[in-house]
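Student: Could we go through this structure together, one question at a time?
Tutor: Gladly! Let's have it in view before we start.

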Amino acid sequence: MVKDVIPRNLDLSPYEGEWVVICDKEIIAHNKNPLKLEKTINNCKTIPTLFLVPEKNTVWLF
Amino acid sequence: MTIIYRYVHGEEHQRGPFIPILARTREGHFLKVSALVDSGADHTVVPKRIATLLGLTQGNEIKTTGIGGSAKVKTSTFQFLLKGNREKYTFTVQSLVIQEENNMPLLLGRDGFFNHFHITFRHNEEKIMLKKVQTSF
């Protein structure tokens, strides 16, 4: 079975370069600083997902 | 058992081999973080703000060198779960907390993780496959 990391119905494009919190398959908060999402994360009744939406014209070199 | 993840959807620059891991916080709660599976990284690298969010204890500062230049990191221990279809795997890996407050994802490196799975990047199909290595005792 193939699993999706992020629900495919979610449009991530408005959140480029930001961390998003996904709770019950919905984006409930977003911020460049994930520490500012702590309260929202704690309010999610299920296990929330935290994802950094890759930014256009930014290359990750590690 | 093989776990298959489809790449994150969206524009080309947004797609990559991310997998959802359940990171354990200091309080024993779990936060699902999308981690980039990085076969080029020796160690798991945790962004500073994510380490703070999880309450990771940070140890000695050391210097690292990579293609992006040098960076100051602190050593830490990072615990997480990976859920399969029916199975669940627990990991405790030595990790590095990057001290600069830049925006980067959590990188899942080889040490402590890649030795437990046969990992296949099917980049043309935009999928990553993880097959548990069978160990006999």
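Student: Which residue is the bridge partner of T49(A) in β3(B)?
Tutor: Keep in mind that this is a predicted model. Strand β4 of chain A, residues 49–52, runs parallel to β3(B), and two bridges join them. For T49(A), the partner in β3(B) is K32(B).

Student: Which element gives the most to the side of chain B that touches chain A?
Tutor: Let's begin with the contact as a whole, which takes 34 residues from chain B and 28 residues from chain A. On the chain B side, the elements giving two or more residues are β1 (2–6), β2 (18–24), β3 (30–37) and α1 (48–54). With five residues, the one that gives the most is β3(B).

Student: And how many charged residues are on the side of chain B that touches chain A?
Tutor: Sorting that side by class gives 17 nonpolar and twelve polar residues. The charged residues there number five.

Student: Is E101(B) buried or exposed?
Tutor: E101(B) sits in the loop between β7 (88–98) and β8 (106–108) of chain B. A residue counts as exposed if 12 or fewer other C-beta atoms lie within 10 Å of its own. E101(B) has 11 within that distance, so it is exposed.

Student: Leaving aside neighbours within four places in sequence, which residues is E101(B) in contact with?
Tutor: A good place to look is around P47(B), 54 residues apart from E101(B) along the chain, where the two C-alpha atoms are separated by 7.4 Å. The contacts of E101(B) beyond its sequence neighbours are K48(B) and R49(B).

Key. Residues are numbered from 1 along each chain as its sequence is written. Chains are lettered from A and ligands numbered from 1 in the order in which they are written. This is a predicted model: local features need pLDDT of at least 70, side-chain atom pairs count only at pLDDT 80 or more; totals for chains, interfaces and linings use all residues. Helices (H or I, at least four residues) and strands (E, at least two) are DSSP runs, numbered from the N terminus. A residue is buried if 20 or more other C-beta atoms lie within 10 Å of its own, exposed if 12 or fewer, and partly exposed in between; C-beta atoms are placed from the backbone. Two residues are in contact if their C-beta atoms, placed from the backbone, lie within 7 Å. Ala, Val, Leu, Ile, Met, Phe, Trp, Tyr, Cys and Pro count as nonpolar, Asp, Glu, Lys and Arg as charged, and the others, Gly among them, as polar. Two strands pair if DSSP finds at least two bridges between them.
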